Amino acid sequence: MLPIATPDHLSRVRYEIRGPLARRAHEMENAGQSVIKLNIGNPAMFGFATPDALRAAVAEHLPQSDGYCHQKGIGPAREAVAAAMRAKGVAGVDADDVFMGNGVSELILMTLEALLRPGDEVLLPAPDYPLWTAAVALTGATPVYYACTEERGFVPDPDEIDRLASPRCRAVVLINPNNPTGAVYPAAVVRAIAQVAERHGLVLMSDEIYDRILYDGATHEPAALH
Ligand SMILES: Cc1ncc(COP(=O)(O)O)c(C=O)c1O
């Protein structure tokens, strides 16, 4: 069989859901060791099941779901997302503002492809959910990391983000609640980062996939409120 060479533009892409680290973790598990995986969020493993009403609605509507839907996604689903954002206090959102994807991953890849040119920079949290790093590298842009250290409760420092935002920087990514750390950022921090983004003309990309999976007592602050 002819060898299939990896194309050059993938040489900088690392995605530790299925790279060498994941392979090594697999080997360790096969050897009987227990491994805690901080590289992927998998809430279903911890009992966070799809609500019964959603399961039933999917099953009920399967017969009508052949063929393409609206290019932005199914209308009632976009309405529901817009209503959920309005319920959080985000004003002026309607279904036209909402794009559905096959999971968050697809939308991360598509939005970064649409935004970035080779040589651009994107500010990402360290540690990050690794798809963000991989997707930025895939476009030829460069990830620049702001620290989320244990000493600060894994909460980012808006002043550091301000210092790191170079003229080549196009976007700042928030992962809030964060995977892998579980940190939920205080409203003042979210507001300060939104202000930094505005000052530097950066797109603020807020990955809030875990907004309903919070530690007791934590309150989630949507970036869209700022
Ligand atoms: C922070 C974060 N964003 C995005 C994703 C990807 O989400 P999806 O499975 O919907 O593509 C994950 C999955 O683990 C995640 O943890």
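1. Start with the loop between β3 and α7, which is where Pro-177 sits. This is a predicted model. The bond from Asn-176 to Pro-177 is a cis peptide bond, with omega about -5°. Pro-180 belongs to the loop between β3 and α7 as well. A cis peptide bond also joins Asn-179 to Pro-180, and here omega is about 20°. Most peptide bonds are trans.

2. Asn-179 also matters for reading the ligand site. It is one of the residues that surround the ligand. A polar side-chain atom of Asn-179 lies 2.7 Å from a ligand oxygen atom. Tyr-210 places a polar side-chain atom 2.7 Å from an oxygen atom of the ligand. Asp-207 approaches a nitrogen atom of the ligand, with a polar side-chain atom at 2.5 Å. The protein buries 83% of the 400 Å² that the ligand exposes when taken alone.

3. Who else surrounds the ligand? The list includes Ile-40, Gly-41, Tyr-129, Ile-175 and Ile-209. Gly-103, Val-104 and Ser-105 are on it too. Helix α4 (residues 103-115) gives the largest share of this shell, three residues. Sorted by class, the shell has six nonpolar, four polar and one charged residues.

4. Now the strands beside that loop. β3 (residues 169-175) and β4 (residues 203-207) run parallel and are joined by five bridges. Ile-175 has Asp-207 as its bridge partner in β4. Both Ile-175 and Asp-207 are among the residues around the ligand. With helix α7 (residues 187-200) in the connection, β3 and β4 make a right-handed β-α-β unit.

5. A second right-handed β-α-β unit should be checked alongside it: β1, helix α5 (residues 130-138) and β2. Strands β1 (residues 121-126) and β2 (residues 142-147) are parallel and pair over six bridges. Within this pair, Pro-125 stands opposite Tyr-146 of β2.

6. Look next at Phe-154, in the loop between β2 and α6 (158-164). Its phi is positive, about 65°, though Phe-154 is not a glycine. Most residues other than glycine have a negative phi.

7. Last, helix α3 (residues 75-87). It has 13 residues. From first C-alpha to last it reaches 18 Å, close to the 18 Å expected at 1.5 Å a residue. Gly-89 follows α3 and has a positive phi, near 100°.

Methods:
Residues are numbered from 1 along each chain as its sequence is written. This is a predicted model: local features need pLDDT of at least 70, side-chain atom pairs count only at pLDDT 80 or more; totals for chains, interfaces and linings use all residues. Side-chain values use heavy atoms; hydrogens and water are left out. A residue is near a molecule or strand if one of its heavy atoms lies within 4 Å of it. A polar contact is a pair of N or O atoms within 3.5 Å; within protein, one must be able to donate a hydrogen and the other to accept it, and residues adjacent in sequence count only if both atoms are side-chain atoms. Accessible areas come from the Shrake-Rupley method with a 1.4 Å probe; for residues, only the protein chains shown count as cover. Helices (H or I, at least four residues) and strands (E, at least two) are DSSP runs, numbered from the N terminus. Ala, Val, Leu, Ile, Met, Phe, Trp, Tyr, Cys and Pro count as nonpolar, Asp, Glu, Lys and Arg as charged, and the others, Gly among them, as polar. Two strands pair if DSSP finds at least two bridges between them. A crossover is right-handed if, with the strands pointing away from the viewer, the path from the first strand over the helix to the second runs clockwise. The expected span of a helix is 1.5 Å times one less than its number of residues.
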